[in-house]
Amino acid sequence: MHKKASSQLTDVLLFIFIYIPMTIVIVASLVTTPSKILTQSLQPMQLDATIMHERIIQQITYYSPLTGSHQRTIEGIPQFYPTNKRYANRASIGEQQYYFNKLFFDTAYPLAPVVYNKHSYYQHMNGENEILVETIHVFPKNYDTFN
Amino acid sequence: MNLISSKKGDAEFAEMITSPLIMIALGVFVLVIVLVQVNKLGSSTDYQENFYARDLALHLDSIYAVRKDVNLATTYELPTQFNTLFNSGEIKLYQDSPLTGKTFWYNQDYQYKPLNNLNIAGRTREYLHFARQGNKISISADKPKLSNNPYCEPDNKKFNLETIRSQTAFDNIEEGTELVTGDLTVYVKLTQGEPELTVYTSQHTNTIMIACTITQKLYGTLPKITEHVILPVNKKYLSADDIRRSITDSEEPALLIIIKYPEITNQVKSVIAAALQAEVNERA
């Protein structure tokens with residue numbers, strides 16, 4: 001009688017403290033994992049940063065179709081209209097630095113890549129002298145707005 | 001007595017809670033939650049709306065990334081159930097009302113005219129047609145027509161220039177001759193062949209801008225020209241007898257314009273001279 005009662009008590013404890021929490025965890029993960037995977041596929045920040053790098057390069061250089069090289073033979077500077085997208089970049093052209101959303105860049109850059117995402121690109125430009133262009137792009141972990 | 005009764009109650013509770021009926025009920029409950037969630041994910045269009053809004057914004061961003069002197073047309077296949085609303089720096093994708101749609105942002109370039117309240121209903125189109133000509137981007141349900149005329153970025157830099165209008169210069173145009181002098185030297189060579197315009201520039205800042213505006217004028221006056229290229233040249237890649245040495249050896253900015261045209265007549269020479277004169281007048 002005592003042995004049966006003890007075994008039933010063990011079953012109840014196992015049920016309450018192991019099986020039910022385990023079920024909750026499994027159900028929660030089954031419910032949230034697909035939506036998290038889907039959300040993750042909607043964060044193409046590396047592609048976004050690559051496109052922005054190309055845009056900056058196009059704004060500040062002339063592309064030679066003969067040599068395939070970018071040449072600093074125009075005086076353009078990187079300029080964009082502000083948007084609601086929480087994003088910032090810094091373009092360093094030789095000694096000069098240009099910012100887009102400087103306030104957010106100064107906040108996010110030191111905390112990347114732990115709290116924010118960061119993508120950097122380098123490119124050499126020809127001109128009267130060779131110039132190194134570095135662009136750094138920072139984003140939140142998931143796309144977000146400034147508001 | 002209480003103890004005995006309590007133990008009996010515990011045993012009954014334990015039996016009840018571990019009974020197959022409760023287990024089956026719990027299993028069904030879990031299955032229902034999972035199926036409801038899967039159904040919600042499958043039937044909702046939130047993901048699609050988000051996906052297309054972001055993809056369209058990146059598509060537009062990538063159109064801005066193409067060289068400005070290239071006229072470009074692209075098509076984007078978007079399910080007709082979605083309507084699009086383009087504003088400056090923002091794209092909204094929606095089904096019934098813009099208030100319930102998904103928004104994503106693109107980075108508007110200062111040199112381009114902003115898109116304002118451009119609404120394209122899904123039922124009116126199969127594809128979205130994007131076109132970029134110069135500093136204008138257009139998005140429409142219909143296929144756009146692109147022109148060949150090159151776009152030049154705004155440039156008001158003044159030069160002290162003078163055209164050389166001598167008969168000798170005109171006679172020597174087929175070998176290559178100097179037609180503009182001053183702060184900037186322009187050499188022109190006219191040869192017979194399939195219509196083609198090549199402008200070589202020295203490495204000086206802004207020579208590309210003036211090369212572009214001269215090219216624009218030549219397009220207007222030589223109708224058979226349909227393609228052109230502007231190439232900055234570097235002395236270290238040229239042999240000693242290369243004609244392009246004439247622009248790289250000079251301290252001053254210089255251009256070499258090589259025009260291939262089916263017929264070389266005095267009229268063709270005159271329109272080239274007139275185009276250069278117009279440029280000199282504008283830059284004065």
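Begin with chain B and select its two domains: their centres, taken over C-alpha atoms, lie 39 Å apart. Domain 1 of chain B covers residues 46–140, and domain 2 of chain B covers residues 161–283. The model on screen is predicted, and its scores are ipTM 0.84 and pTM 0.74.

Next, colour chain B by pLDDT. The average for chain B is 85, and 96% of the residues score at least 70. Where in chain B is confidence lowest, and where is it highest? Select helix α1 (residues 2–17) of chain B for the lowest value, a mean of 63. Then select strand β4 (residues 102–105) of chain B, where confidence is highest, at 94.

Now turn to chain A, which is likewise divided into two parts: domain 1 spans residues 1–42 and domain 2 spans residues 45–140. Between the centres of domain 1 of chain A and domain 2 of chain A, again taken over C-alpha atoms, the separation is 49 Å.

The next stop is the interface. Select the residues at which the chains meet: 39 residues of chain A are in contact with 41 residues of chain B. On the side of chain A that touches chain B, highlight α1 (2–40), α2 (45–60) and β1 (62–63), each of which supplies at least two residues. Which element provides the largest share of this side? The answer is α1(A), with 13 residues.

Finally, colour the side of chain A that touches chain B by residue class. Its residues comprise 21 nonpolar, 11 polar and 7 charged.

Definitions and conventions:
Residues numbered from 1 in each chain as written. Chains lettered and ligands numbered in written order. Predicted model: local features only at pLDDT ≥ 70, side-chain atom pairs only at ≥ 80, totals over all residues. Contact = placed C-beta atoms within 7 Å. Helix = DSSP H or I, 4+ residues; strand = E, 2+ residues; numbered from the N terminus. Nonpolar A, V, L, I, M, F, W, Y, C, P; charged D, E, K, R; others polar. pLDDT = per-residue confidence, 0-100. Domains from an automatic or database assignment.
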